[in-house]
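Before we discuss this model, please look through the sequence and the structure for yourself. The numbered points below can then be checked against what you see.

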Amino acid sequence: MRNIFLFIRRYSNFIFFLLLQGFCVYLIVHYNRYQNAVTTAYMTELTGKVNTQYDRVEDFFHLKNENKRLATENERLRNLLRQNFESPDTINKIVTDSIPSDTLGTHRKWLYKMAKVVANSVTSQENYVELGRGSNQQMKKNIGVVDANNAVVGIITDVSENFSVAMSLLHKDSHLSGKLLKGGEIGTLNWDGKTPNIVSLVGIPKSAKVAKGDTVITSGYSNAFPQGMKIGYVYSVVSDKTTNNYLIEIKTAADFYNLQYVYAIDNLQKEELNNLMDKVKKQNQ
């Protein structure tokens, strides 16, 4: 405080001069129409720029909540898509199961569940994606996971009460059925653990017409994913001299370096299908 008083005392004349200058400016602006209009326009422009910068800063701090709100809204909208419902074969049907159905009588097959990515790895040969949703939030094992653009990410392999872990497509033990969108040929996707975002599609015969840039989708032969989910795009095609198949590299559609929210796709008819297959296997033993 003492230093402040000393400062004012030392520069009192200069401070008084500044106050007089300010008062003069006020009188000029207030009693002259032209100067008043120019000053008002300048202050309006300045205030607008300051408010714009303030809004940008405020929007930045609200991005997290906004992303979560959009992800929740996407979950709701995805569950309204007609492709998530399947009309049952009613020719010999005499029992109606308890799976929720819509107003048209079609039974829901796929149910999307939004989950936040809490951890993700891409650099090892055994990569996993950890999600902030577990069994207490209806998460289950062996269900597929896609990103916000319906691109395949992996399959849930373990679930705790509040978290779950998905085996990434970038895992050396990941084997997923994939289909060329144009020709319809089906092969198996593997990852050799070398280059992130590049996987291999094996089992495609040389008779197939395949070119760089072709789209690869899920075949629908798995209970984990609906048919038509994007897996990636053909990155390179090489003829395998030792077999009658191509060696095809696929660039994944999912950006594994930037996963924030994903969707687990629960097949509500999977348990019935699994029970049927178990019954058939026991009969053949």
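1. Y11 is partly exposed, because its relative accessible area is 38% (buried is under 20%, exposed over 50% and partly exposed in between, with a 1.4 Å probe and protein chains only). F7 also counts as partly exposed, at 48% relative accessibility. The structure holds four aromatic pairs, and one of them is formed by F7 and Y11, whose rings are 5.0 Å apart from centre to centre with 45° between their planes, a tilted arrangement. For such a pair, the ring centres of Phe, Tyr or Trp (its six-membered ring) lie within 6.5 Å, and planes under 30 degrees apart are stacked, over 60 edge-to-face and the rest tilted.

2. Please keep in mind that this is a predicted model, in which local features need pLDDT of at least 70 and side-chain atom pairs need 80 or more, while totals for chains, interfaces and linings use all residues. Residues are numbered from 1 along each chain as its sequence is written, and side-chain values rest on heavy atoms, without hydrogens and water.

3. How high is the mean pLDDT of the protein? The mean is 84, and 92% of the residues reach 70 or more, on a scale of the predictor's confidence in each residue that runs from 0 to 100. Over residues 89-98, however, pLDDT stays under 50, and for this stretch the model has three contacts beyond four places in sequence (a contact means heavy atoms within 4.5 Å). Where pLDDT is low, the predicted coordinates should not be read in detail.

4. I would next trace the barrel, which six strands close in the order β3-β4-β7-β6-β5-β14, with antiparallel pairing. Strands (E, at least two residues) are DSSP runs, numbered from the N terminus, and two of them pair if DSSP finds at least two bridges between them. Within this barrel, β5 and β6 are joined in the antiparallel sense by three bridges, and V145 has G154 of β6 as its bridge partner. In a regular strand the side chains alternate between the two faces of the sheet, which is useful to remember when following any of these strands by eye.

5. Two residues with unusual-looking backbone values for you to find are Q138 and N150. Q138, in the loop between β4 (126-131) and β5 (144-146), has a phi near 65°, a positive value in a residue other than glycine; its relative accessibility of 48% makes Q138 partly exposed. N150, which belongs to the loop between β5 and β6 (152-159), likewise has a positive phi, of about 65°, although it is not a glycine.

6. Is M229, in the loop between β11 (215-218) and β12 (230-239), buried or exposed? M229 is buried, because its relative accessible area is 4%. Residues up to four places away in sequence aside, M229 touches Q83, Y112, V146, N150, V152, V216, I217, T218 and I265, so that the N150 described above is among its contacts. T218 is eleven residues from M229 in sequence, and the two C-alpha atoms are 5.2 Å apart in space.

7. S174 offers another loop to examine, the one between β7 (164-171) and β8 (176-180). With a relative accessibility of 10%, S174 counts as buried, and, when its neighbours within four places in sequence are left aside, it is in contact with M167, S168, L169, L189, N190 and W191.

8. Finally, a series of antiparallel pairings can be followed strand by strand. Strand β9 (residues 186-190) pairs with strand β10 (residues 198-202) over three bridges in the antiparallel sense, and T188 stands opposite V202 of β10. β10 is in turn joined by four bridges to strand β13 (residues 246-252), again antiparallel, with K251 of β13 as the bridge partner of I198. β13 also pairs with β12 in the antiparallel sense, over seven bridges, among them one between S236 and E249 of β13, and a hairpin of six residues joins β12 to β13. β12 itself pairs with β11 over three bridges, in the antiparallel sense, and here T215 stands opposite Y233 of β12.
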